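Reader: Could you walk me through the charged side chains in this one, please?
Author: Gladly; here it is.
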Amino acid sequence: MPILPKLIGLYEDSGFTVSTGLMPSFVGGLDEAPFTWLIKDGKKYTNGLGIAMQEVYFLECLSEALTPRNIFIIGNSFGWSTFALALANPQAKVVAIDSGYDVQSIEGLDLTSGIAHKAGLNVEAVKGASPDDIPRIVADSMDGTVDFAFIDGLHTNEQIVIDFKVLRQHTSENCVFLFHDIISCEMEQGFAEIRSLWDGEDRLLLGTSSGMGILFPKNIDERLRQTIDAFTGSEEAIAAMNHELWKRKNKRKIKFQRSLDKRKSALKKLFGKGG
C-alpha cells in the first residue's frame with residue numbers, strides 16, 4: 001500500500017497543510033513547487049523543504065528491494081524524509097540527526113519525536129552534528145551497523161564528503177548511500193570526490209526532483225538495480241531529449257534551412273539538374 005497518504009496524515013494531524021509534487025509550470029514557474037511544503041496560516045512554516053513526491057516514491061521502490069535493518073539520516077529538519085523512510089521500512093530502526101543550527105530545526109526534532117511516539121514508529125530524532133557526534137549516536141541508538149544512509153544536511157561540496165567519510169566507518173559492506181540535492185544545489189564536485197572513494201557503483205538520479213546521487217554495492221538485487229536504472233534515465237533517452245531541445249531552441253534556423261533547401265531544389269529542377 002502506498003505510504004504517501006499516511007505520511008501526509010502524520011502532519012495534517014499535527015495542524016499542517018501539506019503540499020508536495022506540484023508542477024512548476026502550473027504554479028508560475030516556481031522551481032521549488034515539486035518539493036514538500038508544510039504550511040500554516042497560509043505561509044511556508046519551515047525554512048527548508050522536504051523531499052518531493054517523486055522522491056518519496058523512489059524511496060518506496062528502493063525500500064521494497066533493499067529492506068534495511070538500520071537507517072541513519074543526516075538532516076532531519078521537520079522529519080518528512082525520516083517518516084517516509086520509516087513508513088517504507090517498518091522493519092528498520094530509523095535514527096535522524098539535526099545540528100539544530102537551522103531556523104526551527106529544534107522544534108522539528110521535537111515534532112518528529114512527538115509524531116513518532118504517537119504513531120508508534122521506530123524513529124529516534126537526535127540533536128547532533130556531523131562529523132563529531134555521529135560515532136556516539138550510532139553507538140547509543142543503533143544495534144549494529146548502518147544499512148542505509150540518507151545524507152541531506154549542510155548542502156556544500158565539502159560537507160557531503162565529510163558526512164560520507166564519517167558514516168562509512170559505521171556502515172555494513174552492503175550499505176546504500178543516498179544524497180539529496182546533488183544537482184539542484186550544485187554539489188557534483190563533492191559527489192565526484194565521494195565516487196572516487198567508493199568501490200561499488202554510483203548514479204546521478206535524473207528522475208528525482210533534486211537530482212539525488214546514490215552509491216550502492218556491485219552485487220545488488222536485480223529489483224534494486226531496475227529501480228535505480230529507472231530513476232537514472234538511459235543515455236539514449238537523454239540524447240533524444242537533448243536533440244528535441246536543440247530543435248526547439250533552433251526552430252527559426254531549422255525553418256529557414258528547410259525553406260532554403262526547397263529553393264535549391266526548385267532551382268535545380270528549373271535548370272534541369274533535379275530529379
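Author: Before we begin, please note that this is a predicted model, in which local features need pLDDT of at least 70, side-chain atom pairs count only at pLDDT 80 or more, and totals for chains, interfaces and linings use all residues. Residues are numbered from 1 along each chain as its sequence is written, and side-chain values use heavy atoms, with hydrogens and water left out.
Reader: OK, so how many salt bridges does the structure hold?
Author: There are nine salt bridges, where the term stands for a side-chain nitrogen of Lys or Arg within 4 Å of a carboxyl oxygen of Asp or Glu.
Reader: Which residue does Glu201 pair with?
Author: Glu201 forms a salt bridge with Arg203, and their closest N and O atoms lie 3.3 Å apart.
Reader: And is Glu201 buried or exposed?
Author: Glu201 is buried, at 18% relative accessible area, while Arg203 is partly exposed at 21%; buried means under 20% relative accessible area, exposed over 50%, and partly exposed in between, using a 1.4 Å probe and protein chains only.
Reader: Switching topic, where do Arg248 and Glu244 sit?
Author: Both belong to helix 9 (residues 235–249), four residues apart, which means about one helical turn separates them; a helix here is a DSSP run of H or I with at least four residues, numbered from the N terminus. Their side chains meet in a salt bridge of 3.8 Å, N to O.
Reader: What about networks, then: which residues do shared partners join?
Author: Glu201, Arg203, Arg225 and Asp229 are joined into one network by salt bridges that share partners.

Note on methods: Helix = DSSP H or I, 4+ residues; strand = E, 2+ residues; numbered from the N terminus.
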